Amino acid sequence: MYFRKLCVITLFFLGTCKERNCIIRLNDLQVIGSHNSYKIEIEKPLWSILYEKDSSKAKSLQYGHIPLEHQLNLGLRNLELDVFFDPKGGYYANPKGLAMISQKGKVSLLFDVEAKLVMPGLKMFHIQDIDFRSHHLMFKEGLYVLKQWSDANPKHTPVFVLINTKDKEIDNLKQPLKFGKSALDSLDSEIRNIFPEDKIITPDLVRGHFETLEQAILNRGWPTLDSVKGRFLFVLDENETRIKEYVMGHPSLKGRVLFTNSKEGSPEAAFRVINNPIQDFDYIKQLVEKGYMVRTRADAGTIEARLNDYSRFEQAMASGAQVISTDYYIPSNLFESQFKVIFENGKYEKIKAYE
């Protein structure tokens with residue numbers, strides 16, 4: 001494990017160091033980002049129908065986000081994208097929610113006027129049929145917007161992008177297409193079609209000459225921050241079964257684009273997703289001290305925002321987790337709340353202090 005001198009640096013000094021021999025590495029960052037970053041809030045008539053059926057669930061879905069590039073302009077450096085497999089196109093083109101609104105005698109907002117959902121390729125939205133509004137219905141179009149923003153801001157702090165692959169069956173909703181090996185391969189190909197190698201922090205880059213990714217991050221450490229500015233780091237946030245499918249044929253993620261939420265002790269272990277910083281505070285802290293990167297959450301299901309409760313965010317910061325996700329980098333305009341997740345320096349990124 002590498003050793004670091006005490007470095008207390010605010011964002012104002014990002015990329016520099018007042019102490020000679022002070023090396024700032026990627027995992028010395030702490031950033032705030034958004035959860036389900038592409039999501040546009042459910043329109044009111046449909047949300048009211050969902051609320052009548054299950055008020056608790058409806059309240060947990062009552063959030064939305066500004067466009068991806070606006071989030072990045074604010075200073076967010078973590079995004080989360082949900083993808084559905086749709087190789088032929090058209091599978092998700094007629095969400096049931098639109099008919100539900102019509103049956104109530106209401107008129108829905110315009111939706112997919114350019115027929116994006118008819119096109120083949122990975123789609124991007126939250127829940128089939130009921131939470132389908134997205135700033136970019138096509139995954140590749142969302143990626144393109146990120147690439148455009150990065151080209152216009154070439155020295156930006158690295159952006160961490162978590163990806164969830166969606167195929168969960170939900171009662172009374174359209175059964176999604178299974179996200180198997182070919183779908184996982186399409187994740188890599190769609191990302192590589194947009195981002196050149198020098199815009200991605202890949203497992204190969206971090207592993208270097210070490211036999212495994214885990215050996216690299218525990219012994220040499222993550223790349224220096226300066227060496228990876230202007231890049232994106234993608235993470236597959238999935239269960240063990242799906243991760244095994246993604247790793248198959250790519251031991252230690254050789255040749256792959258995404259890091260995986262692989263448990264420590266496995267060759268692929270480097271980036272962990274541990275969502276509850278209160279329950280798992282000590283665990284997160286131990287992982288960070290060993291050299292792993294961790295993503296956690298400052299709030300979930302709109303609960304903290306409704307209660308104006310910052311305890312989860314405070315624990316997330318104190319745990320040392322490098323990536324902290326929220327739905328409230330700006331306060332909600334969907335219900336009464338002033339809840340806002342931001343660092344004490346008034347920014348969404350900082351360098352942590354270590355001894």
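## Predicted model: confidence, sheet and pockets

Over residues 1-16 the pLDDT (the predictor's confidence in each residue, from 0 to 100) stays under 50, and the model has 47 contacts beyond four places in sequence for this stretch, a contact meaning heavy atoms within 4.5 Å. Where pLDDT is low, the predicted coordinates should not be read in detail. The protein averages a pLDDT of 94, and 93% of the residues score at least 70.

This is a predicted model, in which local features need pLDDT of at least 70 and side-chain atom pairs count only at pLDDT 80 or more, while totals for chains, interfaces and linings use all residues. Residues are numbered from 1 along each chain as its sequence is written, and side-chain values use heavy atoms, with hydrogens and water left out.

Four strands (DSSP E runs of at least two residues, numbered from the N terminus) form an open sheet in the order β2-β3-β4-β5 with parallel pairing, where pairing requires that DSSP finds at least two bridges. Because β2 (78-83) and β5 (259-260) each have a single partner strand, they stand at the edges, and one side of each is left without a neighbour in the sheet. β4 (residues 232-236) pairs with β5 over 2 bridges, and V235 stands opposite F259 in β5.

The two pockets below are open sets of points on a 1 Å grid where a 1.4 Å probe fits, with protein on both sides within 12 Å along at least five of seven lines, and lining residues have an atom within 4 Å of a point.

| Pocket | Volume | Lining |
|---|---|---|
| Largest | about 700 Å³ | 30 residues |
| Second largest | about 240 Å³ | 13 residues |

K57, L61, I127, I130 and I170 lie nearest the centre of the largest pocket.

Technical notes:
Grid points are joined across faces, edges and corners, and a volume is the space filled by probe spheres set on the points.
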